[in-house]
Structures are given as structure tokens and as C-alpha cells.
Amino acid sequence: TNVGVAVDGLVWTGNDKDNSVNELYNSSQVIDSIARTKANTDTEFYNTGINLNLKHDFNDKKSISTNLDYLTYKTEPEQEFINTISYPDSGEEKRDKLLGMSTSKVKVYSGKVDYSNQINEKISYQTGLKHSYVVTDNKSDYIDVVDNISTPNLNQSNQFLYDENITSAYINSNINYDRLSFQLGVRYEKTNVVGEQLGNEIKPRERNETNYQNWFPTAYISYKLDSLSNNTIGVNYGKRIDRPFYIDLNPVVFQVDKFTFYGGNPFLKPSLTNSIEAFYSYKSLLNVSVAYS
């Protein structure tokens, strides 16, 4: 029986300075105004992780293992945008300042159990369960400063909460019979996602919940055409899921300059991919495959 503990962490600070110039033209293609932005961003990033793991061998054929993980991420960028807009025709010039404080917190809880059994020389299987729970809290506060008067920018301020639960189970088997080899498996996943924007005085509170479940079969079959195993043919199939990154799901606005910002879409869906491949192999010298997904 082996028991292990792993702990890691990261603290990072950085400063980013950007200058941008935007020339705005009227319908006659004549410069109407020029906007210059000086941006300064101070960022602090924290990351910690703890893992507890255990593996027990019942004998040389049977074993069980478990992993428990806790991860935290925290990002705190403080932003300052000094904007100057000049109008060439009139010589008029306007100045304003935008201050922003964004905080993003992510917590990940994960646990899994895996069991493997070598039944005999030709047959083995593995099975397991896993559950993960992810909580994110994203908050953005912006303030407009004009003539030394500060006003909350409610258009770009908001808070987004996101919870994700994923439960999965799998079984996978390996069968070797003379020249023929099989690897067959299936994984089941059930996902529950809740996203909520808390809103403010001018933005309504919004909540969306998504539930979905999928089966992911896999199959791998190979056959050795000769007794020396010089020539091998086979086919494999698999289905997988790719979920959006958390930053792409976060609708809270992050300012880049006076005219540029980005935000995610909490209604993004995962993509599902089915792939099939046929292959031929000659020793370790030649590999030919045809694949479709």
C-alpha cells in the first residue's frame, strides 16, 4: 500500500503598460477625432494545489487507487486607462479616466477511484468513478473619472457565478487472443452547469442552467497478418467531448482600451467528436492510416 501527498503553489505579480492610438474617420474619409489611451495594469495571480493519493495492490494482478484533489486560482488585475480625445477641426481636446478592478476566483474539487484486474494472461479490465466540482466567482467593477468626478460605470460592471458538477464512470477491457487484440470500453458522463449574473441597477439578474449526459464508447482492434508480427492491420473508434474554457464562459467585461473589450458567453455548448481510423503497420518502419472525424 502506497500513500502520497503533493502540495504546490504559485504567486505571480506583473505590470503591463500599453499605448494605443485610434483614428476615427467620418463618412468623407476625413479624420473626425483621434483617441489616445495610456493603459496600466497591475496583476496578482495565486495558485495552490493539494493532492492526496493511495494505491493498494491486492496481489500482482489486482489493484485499486484513489486520488483527491483541491485546486484554487485567483487573479486580481487593477486597471487604469487615461484617455485623450482630440478633434483636429476645432482643436478641442477631452480627457477622461477609467479605473477597473477585476477579480476571478476558481476552486476545483475532484475525487476518483480506479480498479484494475488482470484476469489471466489474455484478459484484463479497468473500471472507475470520478466526480469533479468547480466553482468560479468573477467580479468586475469599473469607475469613470471625468473632471475629477468619479461615477460607477454600470454598463461594464457585473458579477458572474458559475458552478459545474461532472460525474463519470468507465469500464475498459483488453483481450489478446493469438494474433488478434481487442480493447473495448465505454465512459458515461453526467454534467450539471449553473451560471448566474448578479446584475446591478441597470442590468437585470440572469440565470441559466444546463444539464446533459453522454456515452463515450471506444474500440480498438488489431490483427497481426504473420507469425513474426511484421505486418499489422487494425481499426479504432472513439468519441470525445471538448468543453469551453472557463474564461470563454465568463460574460463579465474586461477592458483592453477605450474602444476594445472582451467577454465570454455563458451559453456556449461543448463539442462532441466521433473519430474512426484504419491503419497498417510494417515493423517499425512504415505506418499508413486513414482517419475521419
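These are my notebook entries on confidence, aromatic rings and one hairpin in a predicted model.

**Entry 1, confidence.** I began with the confidence of the prediction, and I noted that the protein averages a pLDDT of 93, with 100% of the residues scoring at least 70. I then looked up where the extremes lie: the lowest confidence belongs to strand β11 (residues 254-257), with a mean of 79, while the highest belongs to strand β14 (residues 286-292), at 97. I keep in mind that predicted coordinates should not be read in detail where pLDDT is low.

**Entry 2, a tilted pair.** I turned to the aromatic rings and found that the structure holds nine aromatic pairs. One of them joins Tyr188 and Trp215, whose ring centres are 4.9 Å apart and whose planes stand at 50 degrees, a tilted arrangement. I checked where the two partners sit, and the pair links distant parts of the chain, since Tyr188 belongs to strand β8 (residues 180-197) and Trp215 to strand β9 (residues 206-224), 27 residues apart. I also asked myself whether Trp215 is buried or exposed. Trp215 is exposed, because its relative accessible area is 54% and the cut-off for exposed is over 50%. Tyr188, at 24% relative accessibility, counts as partly exposed.

**Entry 3, a stacked pair.** Next I looked at Tyr220 and Phe279, whose ring centres lie 5.9 Å apart. Their planes are at 20 degrees, so I recorded the pair as stacked, the limit for that word being under 30 degrees. Tyr220 lies in strand β9 and Phe279 in strand β13 (residues 271-282), so this pair ties together parts that are 59 residues apart in sequence. Phe279 counts as buried because its relative accessibility is 17%, and buried means under 20%. For Tyr220 I wrote down a relative accessible area of 34%, which makes this residue partly exposed.

**Entry 4, a cluster and a charge.** I followed the ring pairs further and saw that they link Phe58, Tyr115 and Tyr125 into a cluster. I also looked up a contact between a charge and a ring: the charged end of Lys239 sits over the ring of Phe216, at 5.8 Å from the ring centre.

**Entry 5, a hairpin.** Last, I examined strand β5 (residues 123-146) and strand β6 (residues 149-152), which pair in the antiparallel sense over four bridges. Within this pairing I located Val145, which stands opposite Ser150 in β6. The two strands, β5 and β6, form a hairpin with two residues between them, and in the turn I noted Asp147, which has a positive phi of about 55 degrees.

Conventions
Residues are numbered from 1 along each chain as its sequence is written. This is a predicted model: local features need pLDDT of at least 70, side-chain atom pairs count only at pLDDT 80 or more; totals for chains, interfaces and linings use all residues. Side-chain values use heavy atoms; hydrogens and water are left out. pLDDT is the predictor's confidence in each residue, from 0 to 100. Rings of Phe, Tyr and Trp (its six-membered ring) pair if their centres lie within 6.5 Å; planes under 30 degrees apart count as stacked, over 60 as edge-to-face and the rest as tilted. Buried means under 20% relative accessible area, exposed over 50%, partly exposed in between (1.4 Å probe, protein chains only). A charge sits over a ring if NZ of Lys or CZ of Arg is within 6 Å of the ring centre and within 35 degrees of the ring normal. Two strands pair if DSSP finds at least two bridges between them.
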